[in-house]
Amino acid sequence: MSHRSKAFEAILSNAEADLRQLLSIPETHHVLFLQGGASQQFTMVPMNFLNESSIADYVVTGAWGKKAAQAAKLYGGVTALFDGAPDKFKSVPKISTLVPSPGAKYIHFTSNETIHGVQFQEPISSSVPVICDMSSDILSRPVNFADFDLIYAGAQKNLGPAGTTVVILKDEFLKSANSPLPPMLDYATQVKAKSLYNTPTTFAIYLCGLVFKYWKAEGGLPEIQKRNAEKANALYSAIDGSNGFYIGHADVSARSQMNVAFNLDKPELTDEFIAFAAERNIVEIKGHRDVGGLRISLYNSITPEAAAIVAQAMADFRSKH
Ligand SMILES: *Cc1c(COP(=O)(O)O)cnc(C)c1O
């Protein structure tokens with residue numbers, strides 16, 4: 001099947017239409033399916049929108065935002081409006097405290113920091129164009145896309161298989177992009193070609209389209225949000241009710257619904273917990289080396305029943321000790 005065939009055109013346009021409907025993406029915004037992952041967006045964003053004489057503000061609430069800010073420094077001035085590193089990335093700032101630098105071209109957020117398990121609870125907005133890495137919480141809760149100029153998300157957490165990267169880009173903001181640029185890295189070229197400048201990741205897009213249809217049939221974002229709240233609540237309750245046996249990494253006000261990062265009060269029991277959980281088929285829960293401890297990811301594909309099983313394992317392990 002050619003990627004320029006009628007059949008694939010239908011797959012691509014249906015995937016876009018279903019995503020637009022699920023997320024209520026306004027007509028002012030383009031939807032692209034690109035390659036290179038979120039990491040390539042760390043570079044594409046400043047390459048398209050910064051230059052030596054301009055600056056951008058970055059709100060650094062975890063490891064991914066730090067990488068994004070680092071990449072932007074190659075293209076222009078970067079101000080860290082907030083840097084959670086000294087506090088071990090446990091919190092997010094209040095949106096109203098983030099005053100953009102004079103003349104800032106844009107402000108960049110990471111709505112959910114995957115490794116540290118911190119997530120903005122307040123709606124993100126600013127008086128300057130807002131760019132957001134939503135790789136690990138897109139399609140998990142309602143978002144007002146009209147407040148954003150550019151959103152990007154690697155597909156592999158909540159949308160579908162690895163390989164494609166969704167970019168949601170406001171047309172008005174695109175008009176302020178640099179030109180000329182290498183075509184593959186130029187948003188204007190990709191918009192003009194409707195994600196078909198070259199062969200896109202056809203199979204990943206097809207599968208994402210099936211995921212979008214599944215969620216539409218399940219009740220869309222309200223239902224997804226409800227399930228995610230239930231899942232996160234089960235695990236945070238297990239932490240909060242443990243009398244300090246489990247210690248959450250994030251401040252309560254910044255707790256992620258997608259990634260629950262926590263430590264054991266007795267860190268020497270961590271490996272035993274991992275083995276205990278594995279016996280119940282709970283796997284891939286070791287925390288990132290930057291945080292240590294454990295991290296339970298609750299992406300959309302994890303059911304409330306599965307989260308309840310993890311919460312039960314946490315309770316049983318605590319009883320055992
Ligand atoms: C996973 C992740 C990335 C990296 O995504 P790639 O597609 O592997 O480049 C970037 N940002 C966030 C928030 C992530 O969760």
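A cavity is a set of grid points where a 1.4 Å probe fits but cannot get out, and its lining residues have an atom within 4 Å of a point. In this predicted model, the second largest cavity is lined by Leu23, Met134, Asp137, Ile138, Leu139, Ser140, Arg141, Val143 and Phe145. Its volume is about 40 Å³. By class, that lining holds six nonpolar residues, one polar residue and two charged residues.

The structure contains two cavities of 30 Å³ or more. The largest has a volume of about 70 Å³. Phe33, Leu34, Gln35 and Gln40 are among its lining residues, as are Met184, Gln190, Ser195, Asn198 and Pro200. Here the lining comprises four nonpolar and five polar residues, with no charged residues.

The ligand is surrounded by 13 residues. Ser39, Thr114, Asp133, Gln156 and Lys157 are the closest. Helix 2, spanning residues 37-49, contributes the most to this shell, with four residues. The shell divides into three nonpolar, eight polar and two charged residues.

Polar contacts reach both nitrogen and oxygen atoms of the ligand. A polar side-chain atom of Asp133 lies 2.6 Å from a ligand nitrogen atom. A polar side-chain atom of Lys157 lies 2.7 Å from a ligand oxygen atom. The backbone also takes part: an N or O atom of the Ala38 backbone lies 3.0 Å from an oxygen atom of the ligand. Taken alone, the ligand exposes 390 Å², and the protein buries 87% of that area.

Definitions and conventions: Residues numbered from 1 in each chain as written. Predicted model: local features only at pLDDT ≥ 70, side-chain atom pairs only at ≥ 80, totals over all residues. Heavy atoms only, no water. 1 Å grid on protein atoms, 1.4 Å probe; cavity = no way out; pocket = protein on both sides within 12 Å on 5 of 7 lines; lining within 4 Å. Points joined across faces, edges and corners; volume = space filled by probe spheres on them. Nonpolar A, V, L, I, M, F, W, Y, C, P; charged D, E, K, R; others polar. Near = heavy atom within 4 Å. Polar contact = N/O pair within 3.5 Å; in protein donor to acceptor, adjacent residues only side chain to side chain. Areas by Shrake-Rupley, 256 points an atom, 1.4 Å probe, with all protein chains shown as cover. Helix = DSSP H or I, 4+ residues; strand = E, 2+ residues; numbered from the N terminus.
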